[in-house]
Amino acid sequence: MVFSSSVFLMAFLPLTLLAYFIVPARLVKVRNAVLLASSLVFYGWGEPKYIVIMIFSIVFNYASGLVIGKHTGMGNKHRVRPMLIFCVFGNLALLGIFKYTDFVLDTVNRLTAAGLTLPGIALPIGISFYTFQTMSYIIDVYRGKVEPQKNLITFGAYVALFPQLIAGPIVRYSDVAVMLAGRRTNLEQTAEGVRRFIVGFGKKVLLANQIYVVWMELSSMENLSAAAAWLGAVAFTFQIYFDFSGYSDMAIGLGKIFGFDYLENFNYPYISRSITEFWRRWHMSLSSWFKEYVYIPLGGNRKGIARQLLNISIVWALTGLWHGASWNFVMWGVYYGIILIIEKLGLLRILEKCPAAIGHVYSLLIIVIGWVIFAVEDLGDVAHYIGMMFGSTGKIADDAFIYFFESRIWLLIACVIGSTPLPKMVCTAAADVLKDKEVLLSVIETVLFMGILILSMAFLVSGSYNPFLYFRF
């Protein structure tokens, strides 16, 4: 089930809200049970069999947390380290079996011609996200950062909570522990959540779904001109941003409605002046997770420049592999790792001294090329497409470029503006101007958000393409 579907909007969400708010706020454990039950329905809507994997993960990590927390609290941290290793290994094994078995066997076949049979294991939706959440919980319990959760239903609600279950943001237990124990919502918070959800819904349906057509049409053509190849790559660049940030907006909005304050996951990444800055603004929960649980434990920047560069390389190889069981994702991670190392070795200092425009152009060129590597699975096709971007066909522009550019010019302009803070700045300025006219401001806000919602629903009903790209991760 996806947020931008009629089943979710017209049936699941209203029924869940009714069941949740009919329970008094003081009965927070009952509310958690409602959220857990509804989240399992949400998760199992398309493939009920994957609920078993989810429940196993919940029980396994719940029990592990209790054991680790008990011995850590008794001052036997060194004795419980094997349990921590076992639990981390168990989580990674679960992720590895379902996500990487076919990839590993296929790679062996390509290298050795062994002829191994691929089992064709289907990937459970969102397993990468909830596995990272449970691992962060176990590690934080071991570190003494959080107390182990003693209520299985409450822990299950944390792991399975449907707003952020299948595409993030990655929520650490330490960030929501207090809210799981007790939370209250008010009209202002609910209204803020609804507005945030509508913004994300609009990003997804009105921008991501529409610009996708440009990428899919152009990427399927042979011998594109350089201009057409760049236009297709730019279209995917906008699609993945509005698709994923739109989902994050909807997740954060839904969280507010149920009394949870999730951390931001995006901060206008395409206005960055360096790739280092870009990764501080893009998918921030993932970057933070790798920094906290991989980069720093490896030594971070505390053991000399050589070790730091090695740590960056490891983190980015793992980041690429986390995104998918395919060599183009590994290449994508290595690509960014190399660029970040180059920036660390001195390029970043040069960029900081350059005019802002140079940094923006540099970053966008790197980002757009990176998204081609990310989007095209076959490495040969990646090389072919990037070659077309740099004129391998000998054509600067062609009819395909002219047609898609002219027919989508207003959509492209909307995507450019929507990926910057400009809309927020305009809204803030308008609110300041009308701060003494609260009724008029309220009417304008209502009309604006209702307009986005109605238009998005109309596009949703009439459209056919509506997945979330990050479901496969």
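Helices (H or I, at least four residues) and strands (E, at least two) are DSSP runs, numbered from the N terminus. With that in hand, V416 can be placed in helix α17. This is a predicted model, where local features need pLDDT of at least 70, side-chain atom pairs count only at pLDDT 80 or more, and totals for chains, interfaces and linings use all residues. Residues are numbered from 1 along each chain as its sequence is written, and side-chain values use heavy atoms, with hydrogens and water left out.

**View A. V416 belongs to a nonpolar patch on the surface.** Its companions in the patch are W410, I413, I417, L422, M425 and V426, and together the seven residues named here have about 700 Å² of accessible area. Accessible areas come from the Shrake-Rupley method with a 1.4 Å probe, and for residues only the protein chains shown count as cover. Patch members have over 30% relative accessible area and no salt bridge; nonpolar side chains (Val, Leu, Ile, Met, Phe, Trp, Tyr) are joined within 5 Å, and like charges within 9 Å. Helices α17 (409–418) and α18 (422–433) each supply at least two of the residues, and α17 gives the most, with four. V416 has a relative accessible area of 44%, so it is partly exposed (buried means under 20%, exposed over 50%, partly exposed in between, using a 1.4 Å probe and protein chains only).

**View B. Y158 and Y173 form an edge-to-face aromatic pair.** Rings of Phe, Tyr and Trp (its six-membered ring) pair if their centres lie within 6.5 Å; planes under 30 degrees apart count as stacked, over 60 as edge-to-face and the rest as tilted. By this rule the structure has 60 aromatic pairs. The ring centres of Y158 and Y173 are 5.3 Å apart and the planes stand at 80°, which is why the pair counts as edge-to-face. Y158 sits in helix α6 (residues 152–160) and Y173 in helix α7 (residues 173–181), so distant parts of the chain, 15 residues apart, are linked. Both tyrosines are buried.

**View C. Y241 and F266 make another edge-to-face pair.** Here the rings are 6.0 Å centre to centre, with 80° between the planes. Y241 comes from helix α9 (residues 226–257), while F266 comes from the loop between α9 and α10 (275–281), 25 residues apart. Y241 and F266 are both buried.

**View D. Two charged side chains lie over ring faces.** A charge sits over a ring if NZ of Lys or CZ of Arg is within 6 Å of the ring centre and within 35 degrees of the ring normal. R31 lies over the face of Y20, at 4.6 Å from the ring centre. K99 does the equivalent over W322, at 5.4 Å.

**View E. Salt bridges link helices α8 and α9.** A salt bridge is a side-chain nitrogen of Lys or Arg within 4 Å of a carboxyl oxygen of Asp or Glu, and the whole structure holds nine. K203 pairs with D249, their closest N and O atoms being 2.8 Å apart. K203 belongs to helix α8 (residues 187–219) and D249 to helix α9, 46 residues apart; both are buried. D243 and K204 also meet at 2.8 Å, N to O. D243 lies in α9 and K204 in α8, so this pair ties together parts that are 39 residues apart in sequence. D243 and K204 are buried too.

**View F. D261 and K256 meet in a salt bridge.** The N to O distance is 3.1 Å. D261 is partly exposed at 39% relative accessibility, whereas K256, at 14%, is buried. Elsewhere, shared partners join R196, K203, D249 and E264 into one salt-bridge network.

**View G. A113 and N223 each have a positive phi of about 55° without being glycine.** Most residues other than glycine have a negative phi. A113 is in the loop between α4 (77–112) and α5 (127–143), and is exposed at 68% relative accessibility. N223 is in the loop between α8 and α9, and is partly exposed at 45%.

**View H. L460 and S5 are 455 residues apart in sequence but 7.5 Å apart in space, C-alpha to C-alpha.** L460 is found in helix α19 (residues 438–462). With a relative accessible area of 14%, L460 is buried.
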